[in-house]
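Could you walk me through this structure, starting with its strands and ending in its interior? I am new to it, so a step-by-step tour would help.

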Amino acid sequence: VRWDACVATLAELGTTTTIELPPGKTLTGLVKRQIKSVTALPLQSPAEIDTIAELLAEHAAGTAKERA
């Protein structure tokens with residue numbers, strides 16, 4: 001896998017948020033190093049589901065404002 005090329009494509013597409021699903025957080029660190037402005041969160045336990053839900057709600061609200 002050409003991870004560097006994958007992340008470069010995410011940056012080109014204007015990705016602002018990534019969520020890494022279990023089991024780890026390695027990819028989150030790699031994304032943060034390559035795309036400085038991204039919000040990247042790993043979901044490591046069920047306790048973090050509310051945090052991820054809040055992030056998704058904020059993102060959805062921001063997207064709706066951009067479309068208006």
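Strand E2 shows two faces: Ala40 and Pro42 lie on the covered one, while Thr39 and Leu41 lie on the uncovered one. To get to E2 from E1, the chain passes through helix H2, residues 26-34, in a β-α-β crossover that is right-handed. Keep in mind as you look around that this is a predicted model.

Now place the two strands side by side. E1, which covers residues 17-20, pairs with E2 in the parallel sense, and four bridges link them. At one point in this pairing you will find Glu20 opposite Pro42 of E2.

Just past E2, follow the chain to Leu43, which sits in the loop between strand E2 (39-42) and helix H3 (49-67). Is Leu43 buried or exposed? Its relative accessible area is 14%, which is under the 20% cut-off, so Leu43 counts as buried. Setting aside neighbours within four places in sequence, Leu43 is in contact with Glu20, Leu21 and Pro22, and also with Glu48, Ile49 and Ile52. Gly24 is 19 residues away from Leu43 along the chain, yet their C-alpha atoms are separated by 8.0 Å.

Finally, turn to the interior. Which residues make up the largest nonpolar core? There are five in all: Val7, Val31, Ile35, Val38 and Ala40. You have already met Ala40, on the covered face of E2. Another member of the core is Ile35; leaving out neighbours within four places in sequence, Ile35 is in contact with Val7, Leu10 and Ala11.

Methods. Residues numbered from 1 in each chain as written. Predicted model: local features only at pLDDT ≥ 70, side-chain atom pairs only at ≥ 80, totals over all residues. Heavy atoms only, no water. Buried < 20%, exposed > 50% of the residue type's maximum accessible area, 1.4 Å probe, protein only. Contact = heavy atoms within 4.5 Å. Core = buried A, V, L, I, M, F, W, Y, C linked by side-chain atoms within 4.5 Å. Pairing = 2+ DSSP bridges. Right-handed = clockwise from strand over helix to strand, strands pointing away.
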